[in-house]
Each structure stands twice: as structure tokens, then as C-alpha cells.
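Ready for a few exercises on reading a protein model? Have a go at each task yourself before you look at the worked solution.

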Amino acid sequence: MAGIKSRIREQKEAVVNSIERVKSIIPIDKALKIFNISRSTYESYKTIVIYKCVGSYFEWCAKRYP
């Protein structure tokens, strides 16, 4: 089971995007059960995905550090 958990953690962007794409059809709580992650973990992943910054000069994201 640890292998699946680490794969989900590695693919957090794909997980968040998948859940967001189907949330009008499948309730978020059911989708979270499918991925076997908690609501707080999902919200954490979602925050990371939304505020992802690539290539910032000082590795400071302008979205996180205005």
C-alpha cells in the first residue's frame, strides 16, 4: 500500500486535476475514497497545484510571497 500512496503523492497534480474534472459527476468525497486520500490531503495538494511556481528567480513564488 505504501507504493500506491507514494505514487499518488508524486502525481498530486494529476490527482487534483482529475478530481476537479469529474466533481460535477462524482462527489468529491467519493473521488477521495477512490484515491484513498483525506479531504485535508486533497486540499493541501490543491493548494500546491494552484500556487505552483516554476522558474522563479530566488525560488520565491510571487503568488505565495507578494
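First, a term you'll need: a residue is buried under 20% relative accessible area, exposed over 50%, and partly exposed in between (1.4 Å probe, protein chains only). This is a predicted model, where local features need pLDDT of at least 70 and side-chain atom pairs count only at pLDDT 80 or more, while totals for chains, interfaces and linings use all residues. Residues are numbered from 1 along each chain as its sequence is written, and side-chain values use heavy atoms, with hydrogens and water left out.

**Exercise 1. Work out whether Asn17 is buried, exposed or partly exposed, and place Asn17 in the fold.**

Step 1: Asn17 has a relative accessibility of 33%, so it counts as partly exposed.

Step 2: Look for its helix. Helices (H or I, at least four residues) and strands (E, at least two) are DSSP runs, numbered from the N terminus. Asn17 belongs to helix α2.

Step 3: Now look across the fold. Asn17 and Lys46 are 29 residues apart along the chain, and their C-alpha atoms are separated by 8.7 Å. Val49 also touches Asn17, along with Lys12, Glu13 and Val16, leaving aside residues up to four places away in sequence. Here a contact means heavy atoms within 4.5 Å.

**Exercise 2. Describe the overall build of the chain and how confident the predictor is.**

Step 1: Count the elements. There are four helices and zero strands, which gives the pattern α-α-α-α along the sequence.

Step 2: Check the confidence. pLDDT is the predictor's confidence in each residue, from 0 to 100. The chain averages 83, and 76% of the residues score at least 70. Among the helices, α1 (residues 2-10) has the lowest mean, 83, and α3 the highest, 94.

Step 3: See how much is tucked away. Of the 66 residues, 18% count as buried.

**Exercise 3. Find the largest nonpolar core and say which helices feed into it.**

Step 1: Get the rule straight. A nonpolar core is a set of buried Ala, Val, Leu, Ile, Met, Phe, Trp, Tyr and Cys residues joined through side-chain atoms within 4.5 Å.

Step 2: Apply it. The largest core has eleven residues, among them Ile8, Val15, Leu32, Tyr42 and Val49. Helices α2, α3 and α4 (39-50) each supply at least two residues of this core.

Step 3: Link it to the bigger picture. In soluble globular proteins, nonpolar side chains tend to be buried together.

**Exercise 4. How many salt bridges are there, and which partners does Arg39 have?**

Step 1: Use the cut-off. A salt bridge is a side-chain nitrogen of Lys or Arg within 4 Å of a carboxyl oxygen of Asp or Glu. By this rule the total is four.

Step 2: Take Arg39 with Asp29. Their side chains meet in a salt bridge at 3.4 Å, N to O. Arg39 sits in helix α4 and Asp29 in helix α3, so the pair ties together parts that are ten residues apart in sequence.

Step 3: Take Arg39 with Glu43. The closest N and O atoms of this salt bridge are 3.3 Å apart. Both residues lie in helix α4, four residues apart, about one turn of the helix.

Step 4: Check how open these residues are. Arg39 is partly exposed at 40%, Glu43 is partly exposed at 32%, and Asp29 is exposed at 52%.

Step 5: Look at Lys23. Its salt bridge with Glu20 has closest N and O atoms 2.8 Å apart, and Glu20, Lys23 and Lys46 are linked in a network of salt bridges.

**Exercise 5. Which loop holds Asn36, and what is notable about its phi?**

Step 1: Asn36 lies in the loop between α3 and α4.

Step 2: Its phi is near 55°, a positive value in a residue other than glycine. For background, most residues other than glycine have a negative phi.

Step 3: Asn36 is partly exposed, with a relative accessible area of 38%.
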